[in-house]
Amino acid sequence: MARYPRVECPVCEEHYAGVPTRRTGMVSVHDHKRTPRALVLCEGSMSQVPVRDAIGWQDELPEPGTGEAPDVLTLF
Ligand SMILES: [Zn+2]
């Protein structure tokens with residue numbers, strides 16, 4: 001079984017497993033509750049945080065279709 005690095009939740013500052021994401025150097029904070037019997041997850045669940053010992057961090061890619069269209073290639 002894979003062991004994920006422990007990362008700090010940006011909201012409650014507790015440490016949870018960092019689940020790999022599609023972004024290099026970034027992990028997603030594993031789902032957690034702030035108290036054991038809470039009915040809702042901590043707002044920091046699923047937030048993406050940088051891995052402490054990564055050598056680089058990838059910016060989030062824009063959703064397809066939302067970026068500016070490339071210039072049309074003009075041939076003379
Ligand atoms: Zn939290």
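Cys12 is a good place to start: in this predicted model, the residue is buried, with a relative accessible area of 16%. That value falls under the 20% limit, so Cys12 counts as buried. Cys42 is buried as well, and its relative accessible area is 3%.

What do these two cysteines hold? Both belong to the group that coordinates the zinc ion, which consists of Cys9 (SG), Cys12 (SG), His32 (NE2) and Cys42 (SG), at 2.0 to 2.3 Å. The pair of Cys12 and Cys42 links distant parts of the chain, 30 residues apart. Cys12 lies in the loop between strand 1 and strand 2, while Cys42 lies in the loop between strand 3 and strand 4 (48-50). If you want to find the donors of the zinc ion along the chain, look for the spacing C-x2-C-x19-H-x9-C.

How are the four donor atoms arranged around the zinc ion? They subtend angles of 104 to 119°, and therefore the arrangement is tetrahedral. For comparison, the ideal angle for four tetrahedral donors at a metal is 109.5 degrees.

Now step back to the chain as a whole. Which elements does it contain? There are four strands and zero helices, so to speak a run of β-β-β-β when you read from the N terminus on. The four strands form an open sheet in the order 1-2-3-4, with antiparallel pairing. At the edges sit strand 1 and strand 4, each of which pairs on one side only. From one strand to the next, the twist averages 55°. In general, strands of a sheet pair through backbone hydrogen bonds, either parallel or antiparallel.

Let us follow the sheet from its beginning. Strand 1 (residues 6-8) and strand 2 (residues 15-20) run antiparallel and are joined by three bridges. To see one of the partnerships, find Val7, whose bridge partner in strand 2 is Tyr16. Six residues lie between the strands of this hairpin, and Glu13 takes a positive phi near 65° there.

The next step leads from strand 2 to strand 3 (residues 26-29). Three bridges join these two strands, which run antiparallel. Here Gly18 has Val29 as its bridge partner in strand 3. The hairpin of strand 2 and strand 3 has five residues between the strands, and in this hairpin Gly25 takes a positive phi near 80°.

Side chains of opposite charge can pair when their charged atoms come close. How many salt bridges does a search of the whole structure find? The search finds one, and in it the side chains of Glu43 and Arg34 meet at 3.9 Å, N to O. Is Glu43 buried or exposed? Its relative accessibility is 58%, over the 50% limit, so Glu43 counts as exposed.

Two overall values round off the tour. Of the 76 residues of the chain, 24% count as buried. Among contacts between residues at least 6 apart in sequence, 30% join residues at least 24 apart.

How values were computed:
Residues are numbered from 1 along each chain as its sequence is written. This is a predicted model: local features need pLDDT of at least 70, side-chain atom pairs count only at pLDDT 80 or more; totals for chains, interfaces and linings use all residues. Side-chain values use heavy atoms; hydrogens and water are left out. Two strands pair if DSSP finds at least two bridges between them. A salt bridge is a side-chain nitrogen of Lys or Arg within 4 Å of a carboxyl oxygen of Asp or Glu. Buried means under 20% relative accessible area, exposed over 50%, partly exposed in between (1.4 Å probe, protein chains only). Donors are N, O and S atoms within 2.8 Å of the metal (3.2 Å for Na, K and Ca); water is not among the atoms, so sites may look incomplete. Four donors count as tetrahedral if all angles lie between 85 and 135 degrees; four count as square planar and six as octahedral if opposite donors are over 155 degrees apart and all others between 65 and 115; anything else is irregular. Axes are lines fitted to C-alpha atoms, for helices over the stretch in contact, and angles run from 0 to 180 degrees between N-to-C directions. Contact means heavy atoms within 4.5 Å.
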